[in-house]
Amino acid sequence: MELDIIFRIAGVGIIVAVLNTLLKKADRDEYGMMITITGIIIVLMMVINEISALFDTVKAVFGF
């Protein structure tokens with residue numbers, strides 16, 4: 001696993017946390033929740049791509 005994806009996930013997490021905190025202080029909790037869900041979806045899409053690459057590698061190694 002590349003170290004780059006860990007930094008990207010951490011970056012998304014930091015941005016989501018800051019935006020969520022700012023929106024909660026501005027009494028915009030519903031927008032904060034949407035930002036959080038969007039961040040989760042972005043991270044899941046990154047992880048799904050890596051898992052797909054892992055399965056392709058396993059297929060190639062074992063000749064499936």
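## Meet helix α1

Helix α1 is built from 23 residues and runs 34 Å from its first C-alpha to its last, close to the 33 Å expected at 1.5 Å a residue. In the chain numbering, α1 covers residues 3-25. Please keep in mind, as you look around, that this is a predicted model.

What happens just past the end of this helix? Just after α1, D27 adopts a positive phi of about 60°.

## The buried residues of α1

Which residues of α1 are buried? They are I5, V12, V16 and N20. The cover over the buried residues of α1 includes helix α2, which spans residues 29-62.

Two of these residues can be followed to their contacts. Setting aside residues up to four places away in sequence, V16 touches I35, T36 and G39. N20, also in helix α1, is in contact with G32 and T36 once its neighbours within four places in sequence are left out. T36 therefore turns up in the contact list of V16 and in that of N20, with contact meaning heavy atoms within 4.5 Å.

Why does N20 count as buried? Its relative accessible area is 19%, and buried means under 20%.

## A shared nonpolar core

The largest nonpolar core has 5 residues in all: I5, V12, V16, V43 and M46. Helices α1 and α2 are the elements that give two or more residues to this core. The largest share, 3 residues, comes from α1.

There is a broader pattern to compare this with. In soluble globular proteins, nonpolar side chains tend to be buried together.

## Residues that are less covered

Some nonpolar residues of the helix are worth a look for how much of them can be reached. I6 has its place in helix α1. Is I6 buried or partly exposed? I6 counts as partly exposed because its relative accessibility is 43%, and the partly exposed range lies between the 20% and 50% limits. The C-alpha atom of I6 is separated by 9.9 Å from that of V47, a residue 41 residues apart from I6 along the chain.

I15 is another residue found in helix α1. With a relative accessibility of 54%, I15 counts as exposed, since exposed means over 50%.

## A nonpolar patch on the surface

I15 also belongs to a group on the surface. Together with I14, V18, L19 and L22, I15 makes a nonpolar surface patch of about 470 Å². To find this patch in the structure, start at I15 in helix α1, then look for the other residues of the patch, among them V18 and L22.

Conventions:
Residues numbered from 1 in each chain as written. Predicted model: local features only at pLDDT ≥ 70, side-chain atom pairs only at ≥ 80, totals over all residues. Heavy atoms only, no water. Patch = residues over 30% accessible without salt bridge, like charges linked within 9 Å, V, L, I, M, F, W, Y side chains within 5 Å. Areas by Shrake-Rupley, 256 points an atom, 1.4 Å probe, with all protein chains shown as cover. Salt bridge = Lys/Arg side-chain N within 4 Å of Asp/Glu carboxyl O. Helix = DSSP H or I, 4+ residues; strand = E, 2+ residues; numbered from the N terminus. Buried < 20%, exposed > 50% of the residue type's maximum accessible area, 1.4 Å probe, protein only. Expected span 1.5 Å × (residues − 1). Core = buried A, V, L, I, M, F, W, Y, C linked by side-chain atoms within 4.5 Å.
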